[in-house]
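Welcome! Let us take a friendly walk through one protein chain, one helix and a couple of residues at a time. Have the model open as you read.

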Amino acid sequence: MKMLKSFILLSLIFYLSLLLFMYIFQRAFMYHPKVRNTDPTTVKFKYHEVYINSETDIKLRSWYSYSDQNKKTILFFHGNAGELGARIYKLNKFNDLNLNFLIISWRGFSGNNGKPTEQGLYKDAQKAVEWLEEKGINKKDIILYGESLGTGIAVELATKGEYSGIILESPYTSMIDMGKRFYPFLPISILQKDKYNSLKKLNMITSPILVLHGKSDTLVPFYMGKKIYDEANEPKYYYFPDLDNHMMTYDQNMLKTLSNFVNEISKQ
C-alpha cells in the first residue's frame, strides 16, 4: 500500500512537472521558423524584396510583385515551418494567373527578429495590410490567402474589414483542437496560450471565402476544413481533392479553382 501511494505521488509530481514544462515552452513546440536560400532559377516572376515595419525592432522580410494591369493583389500568409523561398512554386502560379502579390514572413521566420505569438502574428499581418494601403491598394482589391498556420491570421483580419476575398488552404478549426490531437493527455484548453479560434470567428466574416483542403491531409484533418466551410457565411466556395496532402498540389484543377474564384469576386 505504501509503495502504491509513493508511485501515485511520484506520478502526480511527474505529470505536474510535465504540465509546467509544456506551459513554459509550448511555443517552441508550436512554431517552427526556418530559413533557406532561394534558388533564383526557380523564380519566374519579377519582385522587390521589401521590409515591412511591424514593431520598432521587427521588420518583416517580404516579396512584392505588382503590375498596374492586374486588378487583384494576394496578401499571402505562409504556414508553419514555411518561409519565402519555400513558396516560390505557388508565387509562380499567382504570376501565371496575373495576380499581384505580397508575401510576408512572420516575426522569427526568414531571419526576422522577434518570437512568434498569436497577437504578434496578427500585428504583422495588419501592418502588411497597412503597407499595401499606403501603396494605394484598397481592401476591396486585396485577397487574403492563409496557408495552414496562416489561415488563423487571415480569418482574424477578415473579421475586421471587408476584403475582396479570403482563401483558406488547409485550415484548422482552432489551435486548441489541433493541440488535443497531438497531446490528448494534456488539458490543452487550459494550457494553450495561442488559440487561433477560427471557427468561432467565421460568423463575423462577410467577404467571399474559398476553402481548399485535401482529403488526404495527414497534419490538419480534412474534417476541420470541411467544418470551416460549413460554418462560413455565403458567398463561399470549396475545393476538396481526394488525394492532396497538407501542402496541396498546384495542378490544373487547383489553378482553375483559384482562377474561377478570382473571376467571381471580381464581378461583385
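Start with helix α4, where the buried residues are L149, G150, T151, G152, I153, A154, V155, E156, L157 and A158. Keep in mind that you are looking at a predicted model. The helix as a whole is mostly covered, with 10 of its 10 residues buried. What covers these buried residues? The cover of α4 includes the strands β3 (73–77), β5 (142–147) and β6 (165–169), together with the helices α3 and α5.

**How α3 meets α4**

One of those covering elements, α3, deserves a closer look. Helix α3 spans residues 118–134 and α4 spans residues 149–158; the two pack at an angle of about 60 degrees, and their axes are 10 Å apart. An angle from 65 to 115 degrees would count as roughly perpendicular and one under 35 as roughly parallel; α3 and α4 are therefore oblique to each other. Their crossing is right-handed.

Which residues make this contact? On the α3 side you will find L121, Y122, A125, Q126 and V129, and they meet L149, G152, I153, E156 and L157 of α4. Sorted by character, the residues of this contact comprise 7 nonpolar, 2 polar and 1 charged. A general rule helps when you look at such lists: an α-helix has 3.6 residues a turn, so residues three or four places apart point the same way.

**Two residues to find**

Now look for D194 and M178. D194 sits in the loop that runs between α6 (188–191) and β7 (209–212), while M178 belongs to helix α5, residues 175–182. Are they buried or exposed? Residues under 20% relative accessible area count as buried, and the table gives the values.

| Residue | Relative accessibility | State |
|---|---|---|
| D194 | 2% | buried |
| M178 | 8% | buried |

Which side chain shares a polar contact with that of D194? The partner is Y31, at 2.7 Å. Not counting residues up to four places away in sequence, D194 touches Q26, R27, M30, Y31, T117, E118 and M175.

M178 has its own set of neighbours. Leaving aside those within four places in sequence, M178 is in contact with Y172, L219, V220, P221 and M224. You can also try a distance in your viewer: M178 and I228 are 50 residues apart along the chain, and their C-alpha atoms are separated by 14 Å.

Conventions:
Residues numbered from 1 in each chain as written. Predicted model: local features only at pLDDT ≥ 70, side-chain atom pairs only at ≥ 80, totals over all residues. Heavy atoms only, no water. Helix = DSSP H or I, 4+ residues; strand = E, 2+ residues; numbered from the N terminus. Buried < 20%, exposed > 50% of the residue type's maximum accessible area, 1.4 Å probe, protein only. Polar contact = N/O pair within 3.5 Å; in protein donor to acceptor, adjacent residues only side chain to side chain. Contact = heavy atoms within 4.5 Å. Axes fitted to C-alpha atoms, helices over the stretch in contact; angles between N-to-C directions. Parallel < 35°, antiparallel > 145°, perpendicular 65-115°, else oblique. Left-handed = near helix turned anticlockwise from the far one by under 90°. Nonpolar A, V, L, I, M, F, W, Y, C, P; charged D, E, K, R; others polar.
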